[in-house]
Amino acid sequence: MAVNQTKIITFEDVLEYMSSHEKSKHDKGDLWERVCTWYLKNDPGMRQVVGAVWRWDDAENPLRTGHDTGIDIVAERIDAPGTYWAIQCKNFEEGHTVSLKDLATFFAAAEADERYTGLIIATVSEEISSNVDAHLIALHHNRGI
């Protein structure tokens, strides 16, 4: 019996696969988180930066508090064990500009825990608002994030 497998080669293939398999808003976010987790665990460049990678609800996640804090994925830094990257995955519609409001819970959770020394916003959107850009610059300047 042949197994129907989808060949995914390009980023557009990933987006097409996700679009054809999402049945709800939750599915859309969950699929994007899975793609981002896979990327962090398998991309040769990222493997030079991050060690262990956990989705927020993974039982092994050392920073999991039991409730959703707005952080989707946690990745331990190779260069500084015990410190982490907080990752937010946003799978918005084409043309959406990522706003500070979209990321408020994520920023609040990451900024409240000094073990987060880096942030990643993984989005299919091509634009971020000037407020998000200014916030990221301030985090880098004030906290070295």
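Which residue in β3 does Ala75 stand opposite? Let us meet the whole protein, and then return to that pair.

## The protein as a whole

This is a predicted model, so please read every value below as computed from that model. The protein has five helices and six strands. If you follow the sequence from start to end, the elements come in the pattern α-α-α-β-β-β-β-α-β-β-α.

How many residues does the protein have, and what share of them counts as buried? There are 145 residues, and 36% of them count as buried. The accessible surface of the protein comes to about 9,200 Å², and carbon and sulfur atoms account for 52% of that surface. You can also look at which parts of the chain meet: among contacts between residues at least 6 apart in sequence, 53% join residues at least 24 apart.

## A sheet of four strands

Now find the open sheet of four strands, whose order is β1-β2-β3-β5 with mixed pairing. β1 and β5 stand at the edges, each with a single partner strand, so one side of each has no neighbour in the sheet. From one strand to the next, the twist averages 20 degrees.

Let us walk across this sheet. β1 (residues 50-55) and β2 run antiparallel and are joined by four bridges. In this pairing, Val50 stands opposite Arg77 in β2. Strand β2 itself covers residues 73-77 and is mostly covered, with four of its five residues buried.

## From β2 to β3 and β5

β2 also pairs with β3, again over four bridges and in the antiparallel sense. Here is the answer to the opening question: Ala75 stands opposite Trp85 in β3. The two strands form a hairpin with six residues between them. In the turn of this hairpin, Gly82 has a positive phi of about 90 degrees.

Do β3 and β5 run parallel or antiparallel? They run parallel, and seven bridges join them. Trp85 has a part in this pairing, since it stands opposite Gly118 in β5. Helix α4 packs on the sheet, where it touches β3 and β5, and its direction makes about 160 degrees with that of β5.

## Helix α4

Take a closer look at α4, which spans residues 100-112. With 13 residues, this helix reaches 17 Å from its first C-alpha to its last, close to the 18 Å expected at 1.5 Å a residue. Where is the kink in α4 centred? It is centred on Phe106, and the kink is about 35 degrees.

Phe106 is also one of the buried residues of α4, together with Leu103, Phe107, Ala109 and Ala110. A general point helps when you look at such a list: an α-helix has 3.6 residues a turn, so residues three or four places apart point the same way. The cover over the buried residues of α4 includes β3 (84-90), β4 (97-98), β5 (116-123) and α5 (130-143).

Lys101 also lies in α4. Is Lys101 buried or exposed? Its relative accessibility is 75%, and exposed means over 50%, so Lys101 counts as exposed. Lys101 and Asn131 are 30 residues apart in sequence, and their C-alpha atoms are 9.5 Å apart in space.

## Two buried loop residues

Loops can hold buried residues too, as Asn61 shows: it sits in the loop between β1 and β2 and is buried, with a relative accessible area of 4%. Which residues is Asn61 in contact with, leaving aside its neighbours within four places in sequence? They are Trp54, Arg55, Trp56 and Val74.

Asp113 belongs to the loop between α4 and β5. Its relative accessibility is 17%, and buried means under 20%, so Asp113 counts as buried. Not counting residues up to four places away in sequence, Asp113 touches Leu63 and Arg143. Leu63 is 50 residues from Asp113 along the chain, yet their C-alpha atoms are separated by 9.4 Å.

## Helix α5

Our last stop is α5, which has 14 residues. This helix reaches 19 Å from its first C-alpha to its last, close to the 20 Å expected at 1.5 Å a residue. Gly144 follows α5, and its phi is positive, near 75 degrees.

Key:
Residues numbered from 1 in each chain as written. Predicted model: local features only at pLDDT ≥ 70, side-chain atom pairs only at ≥ 80, totals over all residues. Heavy atoms only, no water. Expected span 1.5 Å × (residues − 1). Bend = angle between axes of the 7 residues up to and from the residue. Buried < 20%, exposed > 50% of the residue type's maximum accessible area, 1.4 Å probe, protein only. Contact = heavy atoms within 4.5 Å. Pairing = 2+ DSSP bridges. Axes fitted to C-alpha atoms, helices over the stretch in contact; angles between N-to-C directions. Areas by Shrake-Rupley, 256 points an atom, 1.4 Å probe, with all protein chains shown as cover.
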